[in-house]
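Please take a moment to look over the sequence and the model before reading on. The paragraphs below lead from one helix to its surroundings, and from there to the wider chain.

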Amino acid sequence: MSEKLENILSPWEIESFIEHLQTTNLEDVGTSGWFEYHKKLMLLNQQSVFEINTLREESVKEWFVSFKKIPVLIYEAIQIMIWKQKVYPILMELDEKPANTFILFSVFYHEELAISILENILYHSDSVETMDDSIVDLIDYAAHYITLLLYSKNEKPCIDKKTCLEEMAEKRIEIDFDIGMRSISILRYLAEFADQLPLCALSRMLAANDIPYLLAQLIEYQPWKKINKKGEIMIYNGKWHKLDDKDIDKLCKFEGQVWFGLRELLLNPKCAPYYDITEFRMSQLTKLQKYMQEHVLDQIAPLIDLRRWLSYLNMSSQTTNSQRPISVEVIPEISSSIKEKYSKRWKRLAEHQAKTLFSKDIEKVKNMAQILSEAYDFDKLDIIDAKTCAKCKEIAKNRCSKCKEVWYCSRECQVKDWSNHKIICEKILKSKQEENQNIE
């Protein structure tokens, strides 16, 4: 009665896609060639998520590491970030009422795809070993988006009928928020592998960007939590969902990532020489003690060491580290090279891309959509979207083979729920049959 999940890409497709992955040119954004590239990133991201959710061998990660293609993902993400800062505002002035925003949304989503794949890959220590100086660019990038999480005022306007651009602005806020949350995970993984990082990366995290301070601010402001209009507590875990009363003290994924990142950066002896505990930093870090309650320590036992360290910090008088190791500062090359390449050409680039991004040629837009149709296949999206069991609410891997709408973690739960699901199943099947008859 249950239907097993299938693969997204074949093994040879995964290898071939990653082997031939190259950085794109900014002037090509929105072209058919760029959309082909975008589709490959979509499929690779879906395959990566699928492999993680089904506990399979992570072949996407393996090939990115083997072919040393992680810097390509970093470049793509940073390039779109700069495009949003430099080109997008000019585009808005050139065409205030575009016919559609499909192509424009794809550009925003391109950045999120690159970061999603990076988040999955950087979970593994061997990924750090294949990264070049682009790791410095990645640290600056992640710090930028975490700063946006903390300090940007991105409130959605309450408008019933929105224009295309107003809807696009909302989508951009959602994507930027998700990238910020993924950046938390990325920095946590880099902190965990601090012993393997080059000294320039440690210096960038601790001295230049003060990542421990940013993480401490996240604990205080908790951007992963909000109150909806009904007064219900909502938690973000890739999507916003209502927090059940029984889970009120349960740490969400991103809060856990922040705590782990703080512990690794503050307690690792290799990091200490790069992080002077100034009076300001001490005042901010010691605030963490009030959040380290018993229910937090019960869920993340290693934080006991961090609490002990903070108590010591509160009682001791810290002095500036006068024996900081000598290291050559590496300048972020990706961001500077892109800005230098297109310096004084942003308006010309916007005018060139407006013809494609705001195209009123329906056939052209259909052709672009057709390129992505394979990646937007609903069966494939079902595979990567984490489902919960209709009976016990645990992660589900199988779904009802009849209606294909309800999921179960095991045959046992499916059998137990059949008396309840049977009526719903028949209604879903009947509804689908009527829809098919109407189409015919």
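Which are the buried residues of α10? In this predicted model, they are Cys-200, Ala-201, Leu-202, Ser-203, Arg-204, Met-205 and Leu-206. Because seven of the 10 residues of helix α10, which spans residues 199-208, are buried, the helix is largely enclosed by the rest of the structure. The elements against which these buried residues pack are α8 (134-151), α9, α11, α12 (253-267) and α13 (279-285). Just after α10 comes Asp-210, whose phi is positive, at about 50°.

For a view of the chain as a whole, it helps to set this helix in its context. The chain holds 20 helices and eight strands, and of its 440 residues 49% are buried. Among the contacts in the chain with a separation of 6 or more, 77% are between residues 24 or more positions apart.

Helix α9, one of the elements packed against the buried residues of α10, runs over residues 164-192 and contains Arg-182. Is this arginine buried or exposed? Arg-182 has a relative accessibility of 19%, and because buried means under 20%, Arg-182 counts as buried. Its side chain makes a polar contact of 2.6 Å with the side chain of Glu-119. If neighbours within four places in sequence are left aside, Arg-182 is in contact with Ile-115, Ser-116, Glu-119 and Phe-254. Phe-254 also belongs to an aromatic cluster, which it forms with Phe-177, Tyr-236 and Trp-240.

Aromatic rings meet elsewhere too, and a search of the whole structure finds 14 aromatic pairs. In one of them, the rings of Tyr-123 and Tyr-189 have their centres 5.6 Å apart and their planes at 90°, so the pair is edge-to-face. Tyr-123 lies in the loop between α6 (102-121) and α7 (125-129), whereas Tyr-189 lies in helix α9, so the pair ties together parts that are 66 residues apart in sequence. The two partners sit in contrasting surroundings, since Tyr-123, at 51% relative accessibility, counts as exposed, while Tyr-189, at 7%, counts as buried.

Helix α6, which comes before the loop that holds Tyr-123, also contains Ser-106. With a relative accessibility of 0%, Ser-106 counts as buried. Not counting residues up to four places away in sequence, Ser-106 touches Trp-34, Phe-35, His-38 and Leu-372.

The last stop is the empty space inside the model. Rolling a probe the size of a water molecule over the atoms shows where empty space is left. How many cavities of 30 Å³ or more are there? The count comes to one, and the largest cavity holds about 30 Å³ of space. Its lining consists of Ala-216, Gln-217, Glu-220, Gln-284, Lys-287, Leu-288 and Tyr-291, which divide into three nonpolar, two polar and two charged residues. Helix α11, at residues 211-221, gives the most to this lining, with three residues. Helix α11 leads back to the starting point, as it is one of the elements against which the buried residues of α10 pack.

Technical notes: Residues are numbered from 1 along each chain as its sequence is written. This is a predicted model: local features need pLDDT of at least 70, side-chain atom pairs count only at pLDDT 80 or more; totals for chains, interfaces and linings use all residues. Side-chain values use heavy atoms; hydrogens and water are left out. Helices (H or I, at least four residues) and strands (E, at least two) are DSSP runs, numbered from the N terminus. Buried means under 20% relative accessible area, exposed over 50%, partly exposed in between (1.4 Å probe, protein chains only). A polar contact is a pair of N or O atoms within 3.5 Å; within protein, one must be able to donate a hydrogen and the other to accept it, and residues adjacent in sequence count only if both atoms are side-chain atoms. Contact means heavy atoms within 4.5 Å. On a 1 Å grid over the protein atoms alone, a cavity is a set of points where a 1.4 Å probe fits but cannot get out, and a pocket is an open set with protein on both sides within 12 Å along at least five of seven lines; lining residues have an atom within 4 Å of a point. Grid points are joined across faces, edges and corners, and a volume is the space filled by probe spheres set on the points. Ala, Val, Leu, Ile, Met, Phe, Trp, Tyr, Cys and Pro count as nonpolar, Asp, Glu, Lys and Arg as charged, and the others, Gly among them, as polar. Rings of Phe, Tyr and Trp (its six-membered ring) pair if their centres lie within 6.5 Å; planes under 30 degrees apart count as stacked, over 60 as edge-to-face and the rest as tilted.
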